[in-house]
Amino acid sequence: MFLWTMKVYYDRDKKDYTVTAKNVKEMLKEMKLLKNAVIVVVNGTVVTEDYIFSKNDKVKVLSVVSGG
Amino acid sequence: MCQNCQKKPVFKLISGESLCKNCFLRYFEKKVRKTIRVHKLIDKKDEIAVAVSGGKDSLTVLDLLCNIYKENKNVRIKALLIDEGIDGYRDASVAHAKKFCKERNIPLEIHSYKKEFGFTLDSVVKGRKPCSVCGVLRRNLLNTHARAMGVKKLATGHNLDDEAQTIIMNQFRKNVEASARLGPLTGIEDHEGFVRRIKPLYFMSEKEIMTYAFLKGIVDDFNECPYNKESYRNQVREMLNQFEELYPGTKHSIVTSFMEVLPLLKQKEKGNGRIKQCQKCGEPSSQDVCQKCIVLQQIKSA
């Protein structure tokens, strides 16, 4: 399992973050996000917190908060 | 891997079981159908208006109901949208809702604060709690227009997170009467002036709905009401999300334990004769003057 440094787009903040992590769980912890408040999309597919990153993964974090 | 078919998982349930895309979609739809069936949300010949905002929750309800009842010509589905007039937010969600309904050939009615009350929400919130003003006025318009559309039920996108927040907010504010009106089928008893609201997503979490909406291509770009962050509800939401992280299943436990006492609450409030007619507008109200008229008077005299 490798440690990757990658750009992660978070839609609620509408910006990219640079994050170093092995898997989704670690990434969310580093971004200080709660797993029940977001879903994570890697290369266009929804993944669970157990997903292990690979080189060149494109990662997006989408907030699940209702708009209001 | 998915517990059923060994494919890549898209969702991990509280129980720890993982589900792939197809198994998750089946799980989600089955659970919503069960909610509708067990709580008798929709009758065989109901005409339903779905209150849409353009967000993931309401469009998921609309999409699901259209699919569930596509073979049943006796259940007719329409959409109803209230435009509060929130700059930089509502325009995008109205456009998304219009596109969504047009693609699926669903009749959509749009009503606005501007046309109904003569002002936008943005223009009257200074010095007020926006969500308190908005909630009262939006509920009023949804009810009056759903009634005018002649529908039997008004479906909303309220979900497990919303309901857990509302239950806790009512507890914190010692508002038992408001809690008695909650549940998948709102209200305490039928009244000709009220269109009863149904919540098919009652037992689905926001995360489950977001996952479903994403997989079904329902999600538009993230769009959040600018007043959301300052609301009391948002503070309760953040508190519950923290608890859910530490103790998975917290929100589900709040709602399911509440469901056990809800019949007692409804029984307690039933027959209190509290539904009157507003002396100003004639709409049903628990007070002599309804909340909408009180809010409008406050805005007028400011």
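## The outward face of helix 3

On helix 3 of chain B, the face turned away from the buried side carries the exposed residues A95(B), K99(B), K102(B) and E103(B). Here a residue is exposed if 12 or fewer other C-beta atoms lie within 10 Å of its own, buried if there are 20 or more, and partly exposed in between, with C-beta atoms placed from the backbone. Helices are DSSP runs of H or I with at least four residues, strands are E runs of at least two, and both are numbered from the N terminus.

This is a predicted model, in which local features need pLDDT of at least 70, side-chain atom pairs count only at pLDDT 80 or more, and totals for chains, interfaces and linings use all residues. Residues are numbered from 1 along each chain as its sequence is written, while chains are lettered from A and ligands numbered from 1 in the order in which they are written.

## The buried face

Turn the helix over and you meet R90(B), S93(B), H96(B), A97(B), F100(B) and C101(B), the buried residues of helix 3 of chain B. Viewed down the helix axis, they fall within an arc of 130° (taken from the directions from the axis to the C-beta atoms), so they line one face of the helix.

Their cover includes strand 3 (47-52), helix 2 (56-68), strand 4 (76-83) and strand 5 (108-112) of chain B. After helix 3 of chain B comes N105(B), with a positive phi near 60°.

## The chain around it

Chain B has 12 helices and 9 strands. Buried residues make up 38% of its 302 residues, and its C-alpha trace spans about 65 × 40 × 40 Å along the principal axes.

Definitions and conventions
Two residues are in contact if their C-beta atoms, placed from the backbone, lie within 7 Å.
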